[in-house]
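Here's a quick tour for anyone meeting this protein model for the first time. Have a look at the structure below, and then we'll walk through it piece by piece.

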Amino acid sequence: MIDANTPPSRARDEAPEPPELDVVIEVPRGSFLKRGSTGHIDFVSPFPCPFNYGSVPNYLGLEGDLLDALVLGPRLPLGARIRVRAWGAVTLIDRGMADDKLVCGAHPLTPAEKAFVLRFFRFYAKCKGVLNFVRGHPGRNACEGWRTAVQAISRAQPRPGSWQGPPVDY
């Protein structure tokens with residue numbers, strides 16, 4: 001029972017701190033080259049990437065590749081390793097496989113940033129569906145929306161030392 005003399009619980013009054021993790025940049029903001037986690041060029045995009053895009057080297061996502069992360073803010077150099085907070089995640093379905101993308105940055109996302117990220121991934125899923133069709137890769141492509149960063153990280157697995165790259169070609 002709580003009375004007037006009981007201090008409020010921190011858990012009830014404050015949101016938990018978002019997870020902080022290392023991200024390695026594979027696609028600098030503004031780049032047309034989409035690189036995979038192993039450094040190989042996956043494709044040349046017809047439009048520049050609006051985010052710094054990379055991966056979390058300590059975790060494997062549900063599709064068996066490094067857990068993806070985008071970093072809001074100014075352009076970062078290819079190969080940069082930064083420590084950032086993950087404020088949420090977007091789930092993309094690529095060839096029928098769930099592929100969570102952590103959304104990271106120096107500050108919590110504004111509603112406009114959140115809407116832009118979601119619009120981008122809805123468009124990206126459609127483009128990836130066309131590319132997969134041309135490449136002969138079957139499976140559904142879609143953006144399934146938001147989840148918390150904690151949910152996405154809990155769906156990932158720690159990266160084993162023997163990991164050599166994703167089990168499927170992208």
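How many residues sit between β6 and β7 in their hairpin, and which residue in the turn has a positive phi? There are 2 residues between the two strands, and Arg-95 is the one with a phi of about 55°. Keep in mind that this is a predicted model.

That angle deserves a second look. Most residues other than glycine have a negative phi. Arg-95 isn't a glycine, yet its phi is positive. It lies in the loop between β6 and β7, and Arg-95 counts as buried because its relative accessibility is 15%, with the cut-off for buried being under 20%.

Now for the overall picture. The chain has 3 helices and 9 strands, and along the sequence they come in the order α-β-β-β-β-β-β-β-α-β-α-β. It is 170 residues long, and 44% of those residues count as buried. Of the contacts with a separation of 6 or more, 66% are between residues 24 or more positions apart. As for the outside, the chain exposes about 9,500 Å², with carbon and sulfur atoms supplying 58% of that area.

Strand β6 (residues 81–94) is a handy place to start exploring, so to speak. Its pairings with β1 (residues 20–27), β7 (residues 97–105) and β8 (residues 142–147) are each antiparallel. With β1 there are 5 bridges, and Leu-21 has Val-84 in β6 as its bridge partner. With β7 there are 9 bridges, and here Gly-88 stands opposite Val-103. With β8 there are 5 bridges, and Val-90 is partnered by Trp-146.

Next up are the charged pairs. The structure holds 10 salt bridges, and here are some of them:

| Acidic residue | Basic residue | Closest N and O atoms |
|---|---|---|
| Asp-94 | Lys-128 | 2.8 Å |
| Asp-100 | Arg-147 | 3.7 Å |
| Glu-144 | Arg-140 | 2.7 Å |

The salt bridge between Asp-94 and Lys-128 links distant parts of the chain: Asp-94 belongs to β6 and Lys-128 to helix α2 (residues 111–135), 34 residues apart. Both Asp-94 and Lys-128 are buried.

The salt bridge between Asp-100 and Arg-147 also links distant parts of the chain, with Asp-100 in β7, Arg-147 in β8 and 47 residues separating them. Asp-100 is buried at 4% relative accessibility, whereas Arg-147 is partly exposed at 24%.

What about the salt bridge between Glu-144 and Arg-140? Its closest N and O atoms are 2.7 Å apart. Glu-144 is partly exposed at 48% relative accessibility, and Arg-140 is partly exposed at 47%. Elsewhere, salt bridges that share partners tie Glu-20, Asp-22, Arg-81 and Arg-83 into one network.

Two more spots are worth finding. One is Pro-50, in the loop between β3 (41–44) and β4 (52–60). Which residues does Pro-50 touch, leaving aside those up to four places away in sequence? They are Arg-29, Phe-116 and Phe-120. Pro-50 and Phe-120 are 70 residues apart in sequence, but their C-alpha atoms are 8.5 Å apart in space. Pro-50 is partly exposed, at 23% relative accessibility.

The other spot is a nonpolar surface patch made by Phe-32, Leu-33, Ile-41 and Val-44, which together have about 350 Å² of accessible area. Ile-41 is part of strand β3, and with 44% relative accessibility, Ile-41 counts as partly exposed.

Definitions and conventions: Residues numbered from 1 in each chain as written. Predicted model: local features only at pLDDT ≥ 70, side-chain atom pairs only at ≥ 80, totals over all residues. Heavy atoms only, no water. Helix = DSSP H or I, 4+ residues; strand = E, 2+ residues; numbered from the N terminus. Buried < 20%, exposed > 50% of the residue type's maximum accessible area, 1.4 Å probe, protein only. Contact = heavy atoms within 4.5 Å. Areas by Shrake-Rupley, 256 points an atom, 1.4 Å probe, with all protein chains shown as cover. Pairing = 2+ DSSP bridges. Patch = residues over 30% accessible without salt bridge, like charges linked within 9 Å, V, L, I, M, F, W, Y side chains within 5 Å. Salt bridge = Lys/Arg side-chain N within 4 Å of Asp/Glu carboxyl O.
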